Amino acid sequence: MADTLEFNEIYQEVKGSMNDGRLRLSRQGVIFKNSKTGKVDNIQASELAEGVWRRVALGHGLKLLTKNGHVYKYDGFRESEFEKLSEFFRAHYRLELAEKDLCVKGWNWGTVRFGGQLLSFDIGEQPVFEIPLSNVSQCTTGKNEVTLEFHQNDDAEVSLMEVRFYVPPTQEDGVDPVEAFAQNVLSKADVIQATGDAICIFRELQCLTPRGRYDIRIYPTFLHLHGKTFDYKIPYTTVLRLFLLPHKDQRQMFFVISLDPPIKQGQTRYHFLILLFSKDEDISLTLNMNEEEVEKRFEGRLTKNMSGSLYEMVSRVMKALVNRKITVPGNFQGHSGAQCITCSYKASSGLLYPLERGFIYVHKPPVHIRFDEISFVNFARGTTTTRSFDFEIETKQGTQYTFSSIEREEYGKLFDFVNAKKLNIKNRGLKEGMKQSYDEYADSDEDQHDAYLERMKEEGKIREENANDSSDNSGEETDESFNPGEEDDDVAEEFDSNASASSSSGDGDSDRDEKKPAKKAKVVKDRKPRKKQLESKKGKDPNAPKRPMSAYMLWLNANRERIKSDHPGISITDLSKKAGELWKAMSKEKKEEWDRKAEDARRDYEKAMKEYGMGSKSESSRGEKSKKKKKKQEKQVKVKAEKKGSTSKSSSSTKSPAKNMNESFKSKEFVSSDDSSSAESKKEDSEEEGVASLPPSSEDSASGSD
């Protein structure tokens, strides 16, 4: 027989809603952990009085009754699990797990039985329904009638608001059955009645959520917030956790009260009550109880007369009344020395506190995330600037929280904290090409260097070299951009190649046709060498000698592994600090040895640079000579082609007189001396254009025929 039984996806019925979680049965008792709130119900084995197995809407359920009258209901079991549970109860709790079915006749009259915290409406021996009296918020009586009103449940889609019971009159004298019914309900109901005096009152406390200044009256069973507009009564049973968090300015303190169910104002729900205190505020407090009552009730946790800081008094009183521990930040310390990180959530800026078992964000809206409900975390690059990053948390239920605008300096501390808590980091194991945002902020013990810092240094060197090159070659660029002698030659060449298109029209003005292609040729010719030059500057010559290291860097590379072995688990930043301290404490004689090595490396670098410079100069001079020679040959070939083209043009014009006559024929009566002169001038112009626009193919054919 196993000592423990565990069941997942079990539902606990609490105030009309079904909360899922995990149920564990052991020799010591029964433990149920709510997956949503993390609240744990622990029932000792010695407290169990009865166990009931029955069929319910979600399959089969288990009802446990304790000796002090509390009832716990768990649903979601399978029918086959009855035997296993029955044997476990018999072996470890010495209880028989009884099978009882609910009555489904549909009758609306029967007998009401009060058993502990439960009101049961029975027909015969079978229960029809049960009402936990802790769900009752109000009980009113009428003639032969009792009305029960219930607390509203925000998690349930449909909530039961009230139930009315008709109580028939009896013949017994002196006993009113309606009043007896109501007294039985009120004795166990969760009805908040501000009867008697408050234990203590805190005046005009600044409350961030809900916003305003409130008087807090402390009663034995509930907390009363009294403001100018609204009043809230908070039972201590609804308090889940208490937090005491120091503000980043070290002058203020947050006191956070986590509530389930939340307090309501209209459609707004407040799951957290956040109070803000100044550390300088002091108070002297006197409890409205005598010393014997204080000692008996609080067992030394409180005294009748207390004095100290206001936030200490409030937290101390709440801890004693609620009987829960106060959570404070753990050993996390940010870049600025604070125990929190400034960030933004949704549209508001606030503070994120890494705790020992979760994260809490204050204050608008407040968020508390436990480690056991986190599926993974993710470090993402900031969307607006590279000086910040985003911290994303996704829960097992699929809810995602993104805390943005976190300073880049906080990355190392936050990453080490998340790593130490063994949370799953989403972008840790991805490929190099896919984890760019993670590598930019990488600062872990596993990395040999800071990738982000190295990349920034490399980009800075490239920008500096480009700036130096541009300043050195600025004169050459202007000479190339504006050189009248070369421009004329270039324009002529470009005009010769494009003139055929302009001459084919024949009707345009020759001067305008010459200017347009010249301007076009100038733009095209000037842009190409500039673009090539800029492209050549962008790339860095891989054959260039690498710059020498300093004496400190030579020493650090030689001693890096030794420092790591002496300080296991040291981070990159701490390693750099430690190396700086060791170098600073090193004697002058030892430093001289590394200075000599650095000097030797510098001489080798200068020598290599000279050789590299001589080689590049000789290559450039050879390149310039070959370019000049090639250009000269092109000009000679061009002049020769123009001469041959002119001879071939004249011969072709003499061979085809009939064609020219047809193109320029006019009758004698319309031909005047002006027309003939203009025609002759046009003919001469066209012949000149024909010579200039001779295409390369015609030049080649002319040279071949020659």
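Lysine 73 is a buried residue, with a relative accessible area of 9%, where buried means under 20% relative accessible area, exposed over 50% and partly exposed in between (1.4 Å probe, protein chains only). The model is predicted, so to speak of local features pLDDT of at least 70 is needed, side-chain atom pairs count only at pLDDT 80 or more, and totals for chains, interfaces and linings use all residues. Residues are numbered from 1 along each chain as its sequence is written, and side-chain values use heavy atoms, leaving out hydrogens and water.

**Exercise 1. Find which residue lysine 73 meets in a salt bridge, and describe what the pair ties together.**

Step 1. A salt bridge here is a side-chain nitrogen of Lys or Arg within 4 Å of a carboxyl oxygen of Asp or Glu.

Step 2. The side chain of lysine 73 meets that of glutamate 130 at 3.2 Å, N to O.

Step 3. Lysine 73 belongs to strand 7 (residues 71–77) and glutamate 130 to strand 11, so the bridge ties together parts that are 57 residues apart in sequence. Strands (E, at least two residues) and helices (H or I, at least four) are DSSP runs, numbered from the N terminus.

Step 4. Glutamate 130 is buried too, because its relative accessible area is 14%.

**Exercise 2. Work out which parts of the chain are linked by arginine 54 and glutamate 130.**

Step 1. Start with the side chains: arginine 54 and glutamate 130 form a salt bridge at 3.4 Å, N to O.

Step 2. This pair links distant parts of the chain, with arginine 54 in strand 5 (residues 48–56) and glutamate 130 in strand 11 (residues 126–132), 76 residues apart.

Step 3. Arginine 54 counts as buried, because its relative accessibility is 9%.

**Exercise 3. Place the salt bridge of arginine 562 and aspartate 566 in the structure, and say how exposed each residue is.**

Step 1. The two side chains meet at 3.6 Å, N to O.

Step 2. Both residues lie in helix 11 (residues 551–566), four residues apart, which is about one turn of the helix.

Step 3. Arginine 562 is partly exposed at 40% relative accessibility, and aspartate 566 is partly exposed at 48%.

Step 4. Elsewhere, Lys33, Arg370, Asp372 and Glu373 are joined into one network by salt bridges that share partners. The structure holds 18 salt bridges.

**Exercise 4. Describe the surroundings of leucine 23 and serine 258.**

Step 1. Leucine 23 sits in strand 2 (residues 17–25) and is buried, with a relative accessible area of 1%.

Step 2. Contact means heavy atoms within 4.5 Å. Apart from neighbours within four places in sequence, leucine 23 has contacts that include Leu5, Phe7, Ile10, Val30, Phe32 and Phe77.

Step 3. The C-alpha atoms of leucine 23 and asparagine 8 are 6.6 Å apart, and the two residues are separated by 15 residues along the chain.

Step 4. Serine 258 is in strand 20 (residues 252–265) and is buried, with a relative accessible area of 6%. Beyond four places in sequence, its contacts include Thr238, Leu240, Phe243 and His271.

**Exercise 5. Locate threonine 399 and list what it touches.**

Step 1. Threonine 399 lies in the loop between strand 30 (388–395) and strand 31 (400–407).

Step 2. At 37% relative accessibility, threonine 399 is partly exposed.

Step 3. Not counting residues up to four places away in sequence, threonine 399 touches Ile393 and Glu394.

**Exercise 6. Name the residues of a positive and a negative surface patch.**

Step 1. Patches are made of residues with over 30% relative accessible area and no salt bridge; like charges are joined within 9 Å, and nonpolar side chains (Val, Leu, Ile, Met, Phe, Trp, Tyr) within 5 Å. Lys and Arg count as positive and Asp and Glu as negative, while His and the chain ends are not counted. A charge is placed at NZ of Lys, CZ of Arg, CG of Asp or CD of Glu.

Step 2. Arg301, Lys319, Lys325 and Arg357 form a positive patch. Arginine 301 lies in the loop between helix 3 (291–298) and strand 23 (305–309) and is partly exposed at 34% relative accessibility.

Step 3. Glu79, Glu83, Glu87, Glu99 and Asp101 form a negative patch. Glutamate 99 is in strand 8 (residues 97–99) and is exposed, with a relative accessible area of 59%.

**Exercise 7. Summarise the protein as a whole.**

Step 1. Its secondary structure comes to 16 helices and 31 strands.

Step 2. Of its 706 residues, 34% count as buried.

Notes. Areas by Shrake-Rupley, 256 points an atom, 1.4 Å probe, with all protein chains shown as cover.
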